[in-house]
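Here's a short set of exercises on cores and salt bridges. Grab a viewer and try each task before reading its solution.

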Amino acid sequence: MSRWLLAVLLAGAGLVTAAETPVRYHFGDDPRWSDPNFDDSSWRVAKDGRWPVPPFDGSGIMWVRFRVPVPADYSGPLAIGSPGIFATTPPDEIWVNGHRAGGEGKFPPHPHFMVAPVSTVFDLAAGSATPGQTALVALRAWYPPATSVSPQAIGYRFEIGPRELLRLRESDTIARSWLSHSFDVIENLAFLVLGAALLAVWRLSRGSRDLLWFGTYLLAWGCTGAWQLAPSLLRPQVPFPAWQFGNYLLVWCGFVALLEFLWSVFSLGRRWPLRVLEAAIGMVCILLTSLNAATEPAGWIPIASKGWGVVFLALNVVLAAISAWQFRRSPGTRGVAAAMVVWSTTLALTEGGVWIHVLPLSYQLGAVAISTEDTATILFITSVGFLLLRRLWTTWTRTRELDAEFEAARQMQQSLVPPAAGAAGFAVASVYLPSREVGGDFFWTVPAGDGSLLLVAGDVSGKGLKAAMTVATIAGALRNESSRQPALVLARLNTVLLGHGRTGFTTCCAAFFDGLGHVTIANAGHVLPYCNGEEVHVESGLPLGLIAEPDYAEAVVTLRPGEGLTFVSDGVVEARNANREIYGFDRMRALSMQPAARIAETAQAFGQEDDISVITIERSAVAARAA
């Protein structure tokens, strides 16, 4: 036989008896009121067994007296309890026939009580209650000033019966509480899981701030719901003011995340209204925390007790107004705006119920109580979550398509700008490190049968696909270029770029290496080449693509066997580290005699911001002796 069934059968057998009417109460405090012989006939009678809280300007202490029958056919240990009490209760004491049975918390002048009682069942001392008779039960309780502002009636159902049986009834009540709150438990667990999932998706996909803030909102809201359920389900021994502080801190975090989400998803430019709303909510949460922690009456308590609802109502009206305005302004976010309007309006018509009684606070679905706010919140989160995930899927699909296009462009650029090819008398090495999938640097080497070599290296202004298309145009022109004169090559490339209507400009350097160690160089605004650790002095003309028929001067350099030239793009000399320090020409001169791979790796490690290309061409000593 289950413990729950045993409890029901024993209760039905008359071994548990509940309080008898009338229930009388009186405001004030006097230890004589626990005496069963005290005459309480002048006290007020509680209506339907429920009594009001003490007046606001009083001490907050009151006594309640009533009689409870003691089971006649039981001789074992007895207890008194109120198994229905599991939410926050103020400090109280229970007296049975003048004997203190138990209590919770401490009374003024230093009141202290937990967010939930340890137990609602108290053992009775031997001889304090006689079987078959009625016992006088006196309840002494203190109510904080905040509870006395709004009229409310309180009533507890006390029972006297076998100790073990009341313990079983208490356990049964806790189990029933879990059942009645099962919807809330599942709801908050779903919020936590979905919030964590959205944050994980945001982190992995580096998605928009919409996912970040909505996921944070879900986590905060799920934690808030779990925190508020804890007193009824887990009975944590946390001081009531500390529990309230944690509650309102979570509420504030949830609203801040929600507001940040709205400002992000609606792309609202002005931030000061957002900060004002966040500060206003924070002040309300601080005010409510102070209100629940107050132990003595004060003039601000009634104002705060009524005023927070006005602020909450105004907040939901503002959220609904912003969302309605956004619904008309931006078709792309109408789904989120519509969901927000419905949700905030529902909250205004329910949680703002101190002034507005339009929608019920909750409704019953079998044994489960479901609040109207929870229903609206679930619909809001479901619809917004679906819209965000659909948008994320669309973005992810487009990103995959762009990645495929960039990969195709990268492969095309690799075919258009292959590694530099050498000639019989020269050792050529090249490195290209684009800052993106595709870049704007290029180099082209054209060896000839007589042992000569033509190099054209340059840098297109801009980055990405636009620069890569200009590189493709230049590569096509170089394939058909027959001249070996650097100045003429630059002039013809300039004509090609102007003819194609390309915007921007291109720096370029052309160098012709003959088989005897002479190098003819022409430069169009490109970084000067290096020889033996120093820059080669070449008169620089305008970059390509700016004006028609520019003049490009040529300079001749002679390389001894084993000497070479180093060509770099501005991505090397303009590399910047974390302190925004530029790599510079001095470092480049000191590095210019190193291999091409070493130069490129050093610049990249320093802090790459642009495409990096390095070409080194060294005259072979063997070829020189043959010549």
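What follows is three exercises, each with a worked solution.

Before you start: this is a predicted model, so local features need pLDDT of at least 70 and side-chain atom pairs count only at pLDDT 80 or more, while totals for chains, interfaces and linings use all residues. Residues are numbered from 1 along each chain as its sequence is written, and side-chain values use heavy atoms, with hydrogens and water left out.

**Exercise 1. Find the largest nonpolar core and work out which helices supply it.**

Step 1: Get the term straight. A nonpolar core is a set of buried Ala, Val, Leu, Ile, Met, Phe, Trp, Tyr and Cys residues joined through side-chain atoms within 4.5 Å; buried means under 20% relative accessible area, exposed over 50%, and partly exposed in between (1.4 Å probe, protein chains only).

Step 2: Pick out the hubs. The largest core has 51 residues, and Phe214, Tyr217, Phe261 and Phe380 have the most contacts inside it.

Step 3: Map it onto the helices (DSSP runs of H or I, at least four residues; strands are E runs of at least two; both are numbered from the N terminus). H3, H4, H5, H6, H7, H8 and H9 each give at least two residues to this core, with the largest share, ten residues, coming from H5.

Step 4: Zoom in on Phe214. Leaving aside residues up to four places away in sequence, Phe214 touches (heavy atoms within 4.5 Å) Leu198, Phe261, Phe380, Ile381, Val384, Gly385 and Leu388.

Step 5: Look for another core. There's a second, separate one of 27 residues, including Val23, Tyr143, Ile154 and Phe158.

**Exercise 2. Trace the salt bridge between Arg140 and Glu93.**

Step 1: Count first. The whole structure holds 19 salt bridges, each a side-chain nitrogen of Lys or Arg within 4 Å of a carboxyl oxygen of Asp or Glu.

Step 2: Check this pair. Arg140 and Glu93 meet at 3.3 Å, N to O. Arg140 sits in strand E10 and Glu93 in strand E7, so the bridge ties together parts 47 residues apart in sequence.

Step 3: Check burial and partners. Both Arg140 and Glu93 are buried, and they're linked with Asp29 and Arg100 in a network of salt bridges.

**Exercise 3. For Arg275 and Glu260, say whether each is buried or partly exposed.**

Step 1: Place the pair. Their side chains form a salt bridge at 2.8 Å, N to O, linking helix H6 (Arg275) to helix H5 (Glu260), 15 residues apart.

Step 2: Apply the cut-offs. Arg275 has a relative accessible area of 41%, so it's partly exposed. Glu260 has 6%, so it counts as buried.
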